[in-house]
There are 2 protein chains.
Amino acid sequence: MSLIVQKFGGSSVRDAGRVMNVAGIITDTWKAGNRVVAVVSAQGDTTDDLIEKAREINPNPSRRENDMLLSAGEQISVALLAMAVEKLGCPAVSLLGWQAGFKTNSTYGNARIKTIETDRLQAELEKNNIVIVAGFQGVNKFDDVTTLGRGGSDTSAVALAAALSAKSCQIFTDVDGVYTGDPRIVKNAVKLPEISYDEMLELATLGAQVLHNRSVEMAKKYNVNLEVLSSLQRIPGTKVKENAGVEKMLIRGATRDNDVARISIVGVRDIPGVAFRIFSRLAAKKINVDIILQSVGRDGTKDISFTVARDHAAEAVAELNTLKEQLGATEIICDENVSKVSIVGAGMETHPGVASKMFEALFDAGINIQMISTSEIKISVLIDIKDSESALKAVHDAFID
Amino acid sequence: MSLIVQKFGGSSVRDAGRVMNVAGIITDTWKAGNRVVAVVSAQGDTTDDLIEKAREINPNPSRRENDMLLSAGEQISVALLAMAVEKLGCPAVSLLGWQAGFKTNSTYGNARIKTIETDRLQAELEKNNIVIVAGFQGVNKFDDVTTLGRGGSDTSAVALAAALSAKSCQIFTDVDGVYTGDPRIVKNAVKLPEISYDEMLELATLGAQVLHNRSVEMAKKYNVNLEVLSSLQRIPGTKVKENAGVEKMLIRGATRDNDVARISIVGVRDIPGVAFRIFSRLAAKKINVDIILQSVGRDGTKDISFTVARDHAAEAVAELNTLKEQLGATEIICDENVSKVSIVGAGMETHPGVASKMFEALFDAGINIQMISTSEIKISVLIDIKDSESALKAVHDAFID
């Protein structure tokens with residue numbers, strides 16, 4: 001008997017009708033002779049509603065209490081989904097993160113899964129139950145509830161699929177697969193039947209909101225067969241696996257990410273150790289830095305610019321201000337009106353013309369490039385946020401027809 | 001350092017303002033040099049909202065999943081209250097039922113506390129934290145979440161006070177104490193400065209919604225000093241203890257309970273074992289029966305009537321219908337348009353005139369009595385629900401001035 005892990009996001013369970021729809025998918029999979037573990041996020045706006053409730057009381061709650069609050073969201077959705085499965089006449093049991101054995105570290109709000117103790121899960125599967133697991137949450141060594149941060153439910157699902165050696169891990173969303181560009185912006189975007197882990201990772205990291213990069217990293221590490229598909233249309237989605245079929249396409253997709261801010265530290269001393277001091281401080285605060293640009297030194301000083309996720313920008317600036325004197329910086333500037341547009345494709349590493357083709361497309365569209373970052377399989381540029389849609393269209397059209 | 005357990009019901013934490021108010025009470029108690037454990041119910045209408053969500057999906061969910069769903073309510077309120085305490089600059093930690101060591105049996109929806117493992121609680125108190133515990137919930141031996149049923153948060157608080165040998169257990173509500181009658185109906189109702197466990201138990205059982213009877217039973221068993229007081233006015237409430245000061249008052253209070261239904265089994269065979277068969281069947285289904293009335297046998301048959309909580313009426317009738325043939329009953333009637341009006345007072349057992357005075361007051365008010373039940377310290381009558389307010393006023397005025 002094969003085991004399939006199926007993950008459903010918040011919009012897939014946002015109301016009673018959607019919950020019943022998901023119960024239909026799960027029970028059909030179970031009736032077809034599979035064992036099923038469903039991983040569920042909080043319903044639609046529940047998390048936002050809870051955050052708003054907290055904000056009214058304390059805009060800066062401790063992260064521990066914030067996790068305690070937010071994890072109630074998945075508790076509601078797993079119970080409701082179990083009830084829906086019962087309604088369809090199939091045996092179901094819902095499990096919270098701690099009941100399903102998710103042990104994490106203690107980074108509240110952005111915890112990492114350390115291990116999954118699967119005894120309870122295995123026992124429920126042995127009883128032929130459909131097991132419905134709260135995504136996004138676990139417990140640390142103190143038995144305190146933790147949440148996994150953005151995209152955490154995807155990570156929960158992939159980790160479970162790995163721990164249980166599942167045949168596949170199906171991520172159901174409100175889109176029906178991975179496209180070469182955001183279909184809401186790029187009209188001629190094409191759905192990919194399959195894609196490699198590395199390509200998906202770049203796309204996820206670069207703002208394609210279909211899958212979270214942590215979940216793709218984990219799928220790659222444990223060789224989990226991922227599939228992205230629609231909870232509303234029963235059609236094939238996009239398979240993510242080690243060796244995605246060779247395609248004629250050089251570029252797998254174009255993405256944009258508006259959740260980014262650029263921070264510039266102006267006039268720091270041009271001496272060794274400056275970059276180390278800046279970025280080790282940010283790392284200690286668990287602030288991830290993306291594109292980094294350092295100007296050539298002049299008159300004994302230089303400028304260092306980098307990008308961070310927008311909701312880390314204020315904290316990053318605050319940290320840097322405490323270092324300002326030590327670095328000899330004259331100014332710390334934060335610009336949130338920026339967007340990152342990227343192209344991804346395993347083919348580009350052997351095609352040196354890709355970057356220039358991308359820059360040409362942006363030039364033709366009259367768009368100024370602020371920063372550039374490249375890897376073996378992607379090129380990203382930072383531009384003014386007002387240009388983000390036209391940039392995405394221009395880049396997509398240049399590479400994908 | 002004294003330990004005080006403070007319990008706050010759903011209306012006391014119904015919105016951000018009320019949560020901050022409760023945080024003020026708790027932190028003032030803590031700043032006065034006490035250790036504080038706060039037990040909290042779900043906010044205002046949360047439980048009803050969750051029940052409604054479930055009903056849309058499955059009107060008959062399993063009790064396990066129902067408990068999983070409902071226990072999310074307290075999770076939200078403990079996290080919010082902890083955030084409010086943090087906002088006031090005091091150290092707080094919220095704990096769910098399982099984290100606070102509440103071990104229960106497996107009667108989902110109406111679980112009994114078996115033990116409280118206080119290690120974590122003690123450790124948090126040692127750290128001088130204000131500990132905020134989710135009422136109404138625990139875990140059974142399978143590590144599944146259970147709820148304690150109606151009034152469960154009161155029971156949680158009293159059990160905690162007993163387990164931690166607290167100096168007192170303060171139950172904060174939206175009334176400021178225990179009155180001789182419901183002040184919303186009986187204008188001249190008087191607040192009692194103190195009352196004995198037994199009297200409070202009768203009042204609680206008979207519909208005074210200030211305290212749940214299970215919590216009073218437990219307070220009596222473990223000799224916990226209870227106090228009922230207002231979360232909105234900082235004035236003394238009513239103390240519940242073993243030897244309440246002798247009062248001149250014969251009667252401590254008058255109550256009414258509209259959450260009651262009368263079931264009549266008409267024409268059952270007048271042979272031994274009939275009552276046993278009926279009530280053992282109901283007991284097996286955990287349906288509590290209150291007043292029982294059996295008619296004198298005539299023509300080899302008799303009628304048996306009894307009252308149950310209104311939300312058990314349908315289940316009781318369904319059970320009895322399966323017994324109908326065996327009992328030879330001609331009809332099973334359920335009347336939900338009834339109300340139970342009671343008077344309570346330790347003085348009455350030595351005053352035989354109390355019952356007749358109560359019946360006279362009802363007669364004077366033109367109210368027909370359907371059933372009567374007495375104990376050493378209370379007299380209850382079942383009447384038509386349309387008369388419940390006037391009956392309560394008439395009985396209260398006859399005994400209390």
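Here are a few notes on how the two chains relate and on one sheet in chain A.

1. First, a reminder that this is a predicted model, and the points below should be read as descriptions of it.

2. On the symmetry: two copies of a chain are related by a rotation about an axis and a shift along it. Here, chain B lands on chain A after a rotation of 180° with a shift of 0.1 Å along the axis, at an RMSD of 0.2 Å. That is what a two-fold axis does. If you want a spot in chain B to look at, go to Ala72(B): its C-alpha is the nearest to the axis in that chain, 2.6 Å away.

3. On the interface: both copies use the same surface, with 100% of the contact residues of chain B recurring in chain A.

4. Now the sheet in chain A. Four strands make an open, antiparallel sheet, ordered S13-S18-S20-S19. The edges are taken by S13 (253-257) and S19 (371-375) of chain A; each has a single partner strand, so one side of each has no neighbour in the sheet. On average, neighbouring strands are turned by 15° against each other, direction ignored.

5. A closer look at one pair: S13(A) runs antiparallel to S18(A), residues 338-344, and the two are joined over 5 bridges. To find the register by eye, start from Thr255(A), which sits opposite Ser342(A) in S18(A).

6. Finally, the helix on this sheet. H10 of chain A (residues 353-364) packs there, touching S18, S19 and S20 (378-384) of chain A. Its direction makes about 20° with that of S20(A).

Definitions and conventions. Residues are numbered from 1 along each chain as its sequence is written. Chains are lettered from A and ligands numbered from 1 in the order in which they are written. This is a predicted model: local features need pLDDT of at least 70, side-chain atom pairs count only at pLDDT 80 or more; totals for chains, interfaces and linings use all residues. Copies are superposed by least squares on the C-alpha atoms of residues with pLDDT of at least 70 in both. Two residues are in contact if their C-beta atoms, placed from the backbone, lie within 7 Å. Two strands pair if DSSP finds at least two bridges between them. Axes are lines fitted to C-alpha atoms, for helices over the stretch in contact, and angles run from 0 to 180 degrees between N-to-C directions.
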